[in-house]
Amino acid sequence: MPVLRIDREGFRLDGEPFRIISGALHYFRVHPGQWRDRLRKARLLGLNTVDTYVPWNLHEPRPGEFRADGDLDLERFLQLAREEGLHVLLRPGPYICAEWEGGGLPGWLLAEPDIRLRSTDPRYLGAVERFFAELLARVAPYLGTRGGPVIAVQVENEFGAYGEDLPYLRRIAEMLREHGVDVPLFTSDQPADLARGSVPGVLATVNFGSRVTENLAALRAHQPEGPLMCAEFWNGWFDRWGGLHASRPAESAAADLDLLLAAGASVNLYMFHGGTNFGFTNGANDKDTYRATITSYDYGAPLDEAGDPTPKYAAFREVIARHAPVPDAPLPEPSKKLNQLGVRLTQRAPLFTQLPSLGTAVAGERPLTMEELAAGHGAGTSLGFVLYEARLDTAGPVLLHAPGVRDRAQVFLDGGPVGVLERESHEHSLAFEVPEGGARLSVLVENLGRVNYGQAIHDRKGLVGPVTANGAALTGWTSRSLPLDDLSGLAFADADPRPAVGPAFHRGEFDVAEPADTYLDLSGWTKGCAWVNGFALGRYWSRGPQRRLYVPGPALREGRNEIVVLELHAASRASVDLRDTPDLGPTVE
């Protein structure tokens, strides 16, 4: 593969002028069985490059435990890009934002109570160093200077929006070089943050979704020479639970893309294909009020969540064809979809009866955070749930106060539900009556997604801080991490015809003649998570906007298939549907 160079006029590839026309495609948000399909559709759009982040938190789920297989096989993804004739912009962080859990930073870093993320804190930089050593040794053979597809690597990500710390940014750039990255480096920032986020000697690029002329001028004022590049052209947006589905018309996005390319700039579409926040991987924002991102990361991209072309795909290809060669091929066809209604979930396993198979209880005087359990006790991955239990010995009215709920807590007395505490709604207190003889207090806390943007990324999960009952601190707790990453030990039984009380797993089977993409419709269910054949689809929530979960075709198999649903509250039906269309809810432009 050719080698990228930067000079005063722009990019050069093997000495010839070159314009990067790229699209963001996150391998970790797409089933690996679909990587080749998405890359082919990137080339057919007229892209010559794809861009991907690298999620540190998935690659190193526990300190020193590095994963690069299956859905995290970055080397295979890079090889497939090379086979498709595409270059790659690699964005290894360590922080990636991306509306991803914690911005990609592992939760276990926060087990250190005073650690300063994204800084020169030696504890943080030491962890980054170890991660880069593992990651970049695998990436090195795929660098453009060694015949690979990776033509440039990003330093950190939008740091100017976070703070001003040039020594930190320099150190990240030095680490990349020390670990063999000898292709061009670049930074990316929003226009107002360029000065704080740039590194002398490293190409600065700019991120925006509109006001093309103004924002390119801001980049040129900051960097008088070299290529003009929009490293994130926001052609859509993400959604949050309780909001409306964001939508940007194809005509508007295409017009701004045309202006960008007409100005001679290089571009990276954010997103070309958004994909899905499978499992517990969505991020959140907290600007005075906590808001969790939904499971779908459709983003209103040229390819929708299932990889099908949207009107934006055709509009963008028409624009790109005015400025660069586009393959002479028809538009890709939508994939086949499966439609199967009334899949009955006939077996049940109440959560509280399955605890020994799901996690180990750790005793302590106070509740332990998710991060403390993962880093200090090897329990869990800092994702999913934590169950806290303590004894209330005094009968009578109790006011439970837990100001540090992160993020949503269901409270039970002797297994019976008594209420919900929630970070988003600032509900921190709950009143109930303790019966004669006392009761077991159980608090099931869900990590709804660590904050991925701003100073609030220091977002510890579980019960953070003291819990009081009638003003007195509760002590003598057990803390049990429930990552729900292995459900093989669940003991299901035929479901009682009466509705389940409290959280329970529900299981059903269905037959498939030919596996295909589909959407799991959980209408009539309240809140929880779903799996198909052990593949974690993500969270559902009746508050919306998202009403159906995307099921990748490769997660299904010919013949018998299994659905497991963890319903945290109650369902008005004992079945689910597989639909052939998505439902991301009512839209707002």
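The second largest pocket in this predicted model has a volume of about 350 Å³. It is lined by 21 residues, and those nearest its centre are Glu99, Trp237, Phe238, Asn285 and Tyr453. Two strands, β10 (229–234) and β13 (284–286), each supply at least two residues of that lining. By class, the lining of the second largest pocket has ten nonpolar, five polar and six charged residues.

Keep Trp237 and Phe238 in mind, please. Both of them also line the second largest cavity, together with Asp239, His245, Ile294, Ser296, Tyr297, Asp298, Tyr299 and Leu584. This cavity has a volume of about 50 Å³. Its lining divides into six nonpolar, two polar and two charged residues.

Now the largest pocket. Its volume is about 890 Å³. The lining has 41 residues, with Arg67, Gly279, Leu484, Asp485 and Ala536 the closest to the centre. Which elements each supply at least two residues of this lining? They are α2 (56–59), β33 (535–541) and β35 (559–567). Sorted by class, the residues lining the largest pocket are 21 nonpolar, nine polar and eleven charged.

Back to cavities. Over the whole structure, the search finds four of 30 Å³ or more. The largest cavity holds about 50 Å³ of space. Its lining consists of Leu4, Ile6, Phe11, Ile20, Leu89, Ala152, Pro184, Leu185, Phe186, Leu203 and Met229. Two elements give two or more residues to it, namely β1 (4–6) and β8 (185–189). What classes of residue make up this lining? Eleven are nonpolar, with no polar and no charged residues.

Next slide, helix packing. I have three pairs, and α1 is in two of them.

Take α1 with α9 to begin with. Helix α1 covers residues 35–45 and helix α9 covers residues 311–321; their axes come within 9 Å and cross at roughly 45°. That angle makes α1 oblique to α9. From α1, the contact uses Lys41, Leu44 and Leu45, and from α9 it uses Tyr313, Phe316, Arg317 and Ile320. Five of the residues in this contact are nonpolar, none is polar and two are charged.

The other partner of α1 on this slide is α3, residues 74–83. Here the axes come within 10 Å, crossing at roughly 40°, and the crossing is right-handed. On the α1 side we have Trp35, Arg36 and Leu39, which meet Arg76, Phe77, Leu80, Ala81 and Glu83 in α3. The class count for the contact of α1 with α3 is five nonpolar, no polar and three charged residues.

The third pair is α4, residues 122–139, and α5, residues 166–178. They pack at an angle of about 30°, and their axes are 10 Å apart. Why are α4 and α5 described as roughly parallel to each other? Angles under 35 degrees count as roughly parallel, and the angle in this pair is about 30°. The two helices are therefore roughly parallel to each other. Their crossing is right-handed. The α4 residues in the contact are Tyr124, Leu125, Val128, Glu129, Phe132 and Leu136, and they meet Tyr168, Arg171, Ile172, Met175, Leu176 and Glu178 of α5. This contact has nine nonpolar, no polar and three charged residues.

Last slide, backbone geometry. There are three places to look at.

The peptide bond that joins Tyr270 and Met271 is cis, with omega about 5°. Met271 sits in strand β12, residues 266–273.

A second cis peptide bond runs from Arg406 to Asp407, and omega there is near 25°. Where is Asp407 found? Asp407 is in the loop between β20 (405–406) and β21 (408–413).

Then there is Arg118. This residue is not a glycine, yet it has a positive phi of about 55°. Arg118 is found in the loop between β6 (87–91) and α4, and α4 is the helix just discussed that packs with α5.

To go back over the main points: the two pockets have volumes of about 890 Å³ and about 350 Å³. Trp237 and Phe238 lie near the centre of the second largest pocket, being among the residues nearest to it, and they also line the second largest cavity. Helix α1 meets both α9 and α3. For inspection in the viewer, I would list the cis bonds at Tyr270–Met271 and Arg406–Asp407, and the positive phi of Arg118.

Terms used:
Residues numbered from 1 in each chain as written. Predicted model: local features only at pLDDT ≥ 70, side-chain atom pairs only at ≥ 80, totals over all residues. Heavy atoms only, no water. Axes fitted to C-alpha atoms, helices over the stretch in contact; angles between N-to-C directions. Helix = DSSP H or I, 4+ residues; strand = E, 2+ residues; numbered from the N terminus. Parallel < 35°, antiparallel > 145°, perpendicular 65-115°, else oblique. Left-handed = near helix turned anticlockwise from the far one by under 90°. Contact = heavy atoms within 4.5 Å. Nonpolar A, V, L, I, M, F, W, Y, C, P; charged D, E, K, R; others polar. 1 Å grid on protein atoms, 1.4 Å probe; cavity = no way out; pocket = protein on both sides within 12 Å on 5 of 7 lines; lining within 4 Å. Points joined across faces, edges and corners; volume = space filled by probe spheres on them.
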